[in-house]
Structure formats: C-alpha cells, structure tokens
Amino acid sequence: MSNKIILHLDMNSYFASVEQQANPFLRGKAVGVCAYLSPGGCVIASSREAKSKGIKTGCTAAEALKLDPAVVLVENEPAKYRSTTEKIFKILGQYTDRLEPYSIDEAFLDLTDQPSLKLQPGRRANWAKSIKQAEKIGLELAGRIKNEVGEWLSASVGISWTKFLAKFASDIGPKGGLFLITPSNLEDCLKGRELIDAWGIGQGMAVRLAGFGVNNLLELKNSDKNKIRRVLGRYGYYLWANVNGLEIGAVSSGARAPKSVGHSYCLPRKTADLKYLTAVMYKLCEKTGRRLRGLDREAGSMNVGWSYAREGGYFRSFKTKEKMFTTAEIYRQAGGLLENHPPVLPVRMLAVSVGALAPVSAQMSLFENNLSVKELSRALDRINDKYGEYTVVKGAMFGLENQAKDRIGFRKSVGIN
Ligand SMILES: [Mg+2]
C-alpha cells in the first residue's frame, strides 16, 4: 500500500440541509428540494427526516406528498448551495493545497504532506500514527463547518490511503461521523457489501461481474486480477485495484478546476416522445456548453444517457474524435445517441456531461471553422449573460424556457454502467 493519507468529506442531505439552515422553520421537518414545484416535479434532494419517510431523490412531488402529507416541498436555489459550498471549501483549503472538489458537496483532501502528520516517506509504521492525527483534522473540519458555516450542516468524513477507500469510508461510516479504513479492517468493510455500493460500479457492471462469479466487494477484492482484466478490460482492472487499495490516478494537486461539466434533467412527464426528448437533450447540451465556455475549456469526452421510468437506463461514455466547445459540437455527439438508439420505454431522466477538459485550442475542426464559431458562441453567451437566459436560443429550445432550469448535477447521475 502507499502511505498516503486521503480524507473524503461528504455533506449529508446537502441541499435540504442548506434549506433548513437558511430557514429554521424547516428544521426537524421532512423537506424535499424539488427541481420545480408542480405535481410532476422531481425531488432532487430530501432531508434526513424526509428520507426516513421513504422520500428519495427521483420521487415526484405527488409521490412525496403521498408518502408524507406533511412534507415541505421547496424549489431548489442553486446559487444558495454554491455560495455555501464556497464557504465550506474555503475551510478545507486551509488544511492542504491538495484539495480536489469532487462535486457540489464532496471533496478529497490529500493530507499526506500536512506538517502536523509528520509522515515520513516510506514509513508504514508511521502511517498508523499519522492517521490518528488525520482523524483529529477530520473532526475539526466537521466542527468548523458547523461553527462557521451553519450548525445544521452535517458532514461525513472518511479517511484511508486511496481516494476510492476514503470515499467508501465516508459512505459506509456513520452519517455525520468519521470512519477510517486501514489495512486491518479493509476486508471487514468489504465483506457482504453489494457491488453497486462501490463508487464506479453501476447496475450493468454488477451484472457482468456476477456473470463470472463475483457477487460482492470482498469477492471482487479476492478475484483473479488477470481474469478480470481479460474479461472486463481496463475498467474491470480499475475496479479490482480500487477494492485492493491500489491508487490509479492520485488526487491531483491544486486542481480546483472541475474535470467534467454537465447537466441532468428529471422530466416532468415520463415519455418516449423522441421530439420532446431531443429538445430537452439540446437544452442540456446548451447548458453544458455554457459552463464549458465559462471555464474557457474544450472537452474531449462525452457521457450521455437516460434512465427509464421503471428501471435501468442507457448510458454511454466515449472519447470524441473532435474537441467540443460549441453547443452544436456537444449536441452532435449527445443527440446522435438519441437518434441512433431512440428509447422505446418512457424516460425519467436525461443526462449529459463532457470531460477530458483542456484549454481551448485554436485548431480547425473538420466540421466547421472553429474560431469563428467559438467567437459566435461566446458572443451569444455574453448576450444571454446581459439580458437573461434564453434571450438568444436555437429553434430546438423554444418553448422549453421553464424546463431544465439552472441546476447542479450530482456526478452520480452519470456513470459508467
Ligand atoms: Mg452528499
């Protein structure tokens, strides 16, 4: 094992807690934060109290009210969550400059070089001592978030020697508490855990693993890595390495820039209507493109897909031959999937994200004169910034002004299956 010390911090019931923090009247109550307030609107985050009533992400407002007639439904306010996140990440940044924000409510901290840990390279015995020190930092962080950002905010902290294990620790540990995964308790932590409990394993991959006799995370750890690599390729090996505590891709230093940007949208009515789905997809691409251009980045990979109303979904991740910058370039990839694989079942949620972000190149694209299109895209963004969203829109977006509003996609909404 490496002797790194990685801390993962995950805010609990984040959007709902921020709402409860802002409005004391909501504290202790079942709260559902909705994409928008209409009977078909989706709950995108529920408070601890709402979760205990069975109100989960993805429930419609009508379903939530059925589960608990007293539930308070509020419309989401992304600006509020972002400003709270900024305050939280500012505190985290005081402990290390190796801070990697992972999503709006999660971040990794590489504490290996933290002076107070006194970790000497290559000294494994030292690691066990240092992790006690890291535990103190974890508790301090959670305490400072309560004191300095809001007493209703609760963080779960996981500490281990890889990012995967630190995140797994915060997932399986007590909510609002701290949990360590060390070499001595690793197997106990994996024992009997379902494959899909692990970060990076979707339903589809779980089925493929089960196909050759791997039914839980401990079995994955103890499986034959060469066989996994042969049957499931590099991604299978990556999953095997994760549960074996081998880090593939360390916490990037000082990387505050996101690795991917994207949007997802819960449809107000579940449908397989291709025309409608295409229009929503276009809008998601437009919003993704605006964020991409706002970061002054172009993208080289695409995650796109949809979840069906009943179960399962269709998701694809791929590298794109051409870099994407304009909405048209993003839509060419995402919309293509819809056109080539039109959903036959009603769809509940659509998601698009782009990754492999890199500084914008001045390269000419095969499809169009990039520079002028880039300039045009930037100009349209500026007009929209000045006069409000959707002043200038493409035909496909007309009539959708109230749908796919500003929102923050949790990364989990797009995964490799
Ligand atoms: Mg969370």
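In this predicted model, strand β7, which spans residues 155–160, runs parallel to β8, and the two are joined over 3 bridges. One of the links between them can be followed by name: V157 has L178 as its bridge partner in β8. These two strands belong to an open sheet of 5 strands with mixed pairing, arranged in the order β5-β6-β1-β7-β8. At the edges of this sheet lie β5 (99–103) and β8 (178–180), each of which pairs on one side only. On average, neighbouring strands of the sheet are turned by 15° against each other, with direction ignored.

A good place to look next is β1, which stands between β6 and β7 in the strand order. Towards β7, the pairing of β1 is antiparallel and extends over 6 bridges. Here L9 meets V157 of β7 as its bridge partner, and V157 is also the residue that is bridged to L178 in β8. Towards β6 (residues 106–110), β1 is again antiparallel, with 5 bridges joining the two strands. On that side, the bridge partner of I6 is D110.

How many of the residues of β1 are buried? The count is 6 of 6, and the strand is thus described as mostly covered. The side chains can be sorted by direction: I6, H8 and D10 point one way from the strand, while L7, L9 and M11 point the other way, and all are buried.

The end of β1 leads to the metal site. A magnesium ion is coordinated by D10 through OD, by M11 through O and by D105 through OD, at 2.2 to 2.3 Å. Along the chain, these donors follow the spacing D-M-x93-D. Both D10 and M11 are buried, and the two residues point opposite ways from β1.

Just beyond this strand, S13 is found in the loop that connects β1 (6–11) to α1 (14–22). Its backbone is worth a second look. Most residues other than glycine have a negative phi. S13, however, has a phi near 40°, a positive value in a residue other than glycine. Is S13 buried or exposed? S13 counts as buried because its relative accessibility is 14%, and the cut-off for buried is under 20%.

A356 offers a second example of a positive phi in a residue other than glycine, with a value near 50°. This residue sits in the loop between β12 (347–355) and β13 (358–359). A356 has a relative accessibility of 47% and therefore counts as partly exposed.

Two further loop positions help to show how separate parts of the chain come together. T60 lies in the loop between α2 (48–52) and α3 (61–67), and counts as buried because its relative accessibility is 10%. Which residues does T60 touch, once its neighbours within four places in sequence are left aside? The contacts are with P39, G40, G41, C42, V43 and K270. The other position, D273, is placed in the loop between β9 (261–271) and α11 (274–294). With a relative accessibility of 35%, D273 counts as partly exposed. D273 and P346 are separated by 73 residues in sequence, yet their C-alpha atoms are 8.0 Å apart in space.

The helices can be introduced through one packed pair. Two packed helices are described by the angle between their axes and the distance between the axes. For α8 (residues 203–211) and α10 (residues 225–243), the angle is about 135° and the axes are 11 Å apart. The two helices are therefore oblique to each other. Their crossing is left-handed. On the α8 side the contact is made by M205, R208 and L209, and on the α10 side by I228, V231, L232, Y235 and L239.

Finally, the chain can be viewed as a whole. Its secondary structure comes to 13 helices and 13 strands. Of the 417 residues in the chain, 52% are buried. Among contacts with a separation of 6 or more, 65% involve residues that are 24 or more positions apart.

How values were computed:
Residues numbered from 1 in each chain as written. Predicted model: local features only at pLDDT ≥ 70, side-chain atom pairs only at ≥ 80, totals over all residues. Heavy atoms only, no water. Donors = N, O, S within 2.8 Å, 3.2 Å for Na, K, Ca; no water. Buried < 20%, exposed > 50% of the residue type's maximum accessible area, 1.4 Å probe, protein only. Pairing = 2+ DSSP bridges. Helix = DSSP H or I, 4+ residues; strand = E, 2+ residues; numbered from the N terminus. Axes fitted to C-alpha atoms, helices over the stretch in contact; angles between N-to-C directions. Parallel < 35°, antiparallel > 145°, perpendicular 65-115°, else oblique. Left-handed = near helix turned anticlockwise from the far one by under 90°. Contact = heavy atoms within 4.5 Å.
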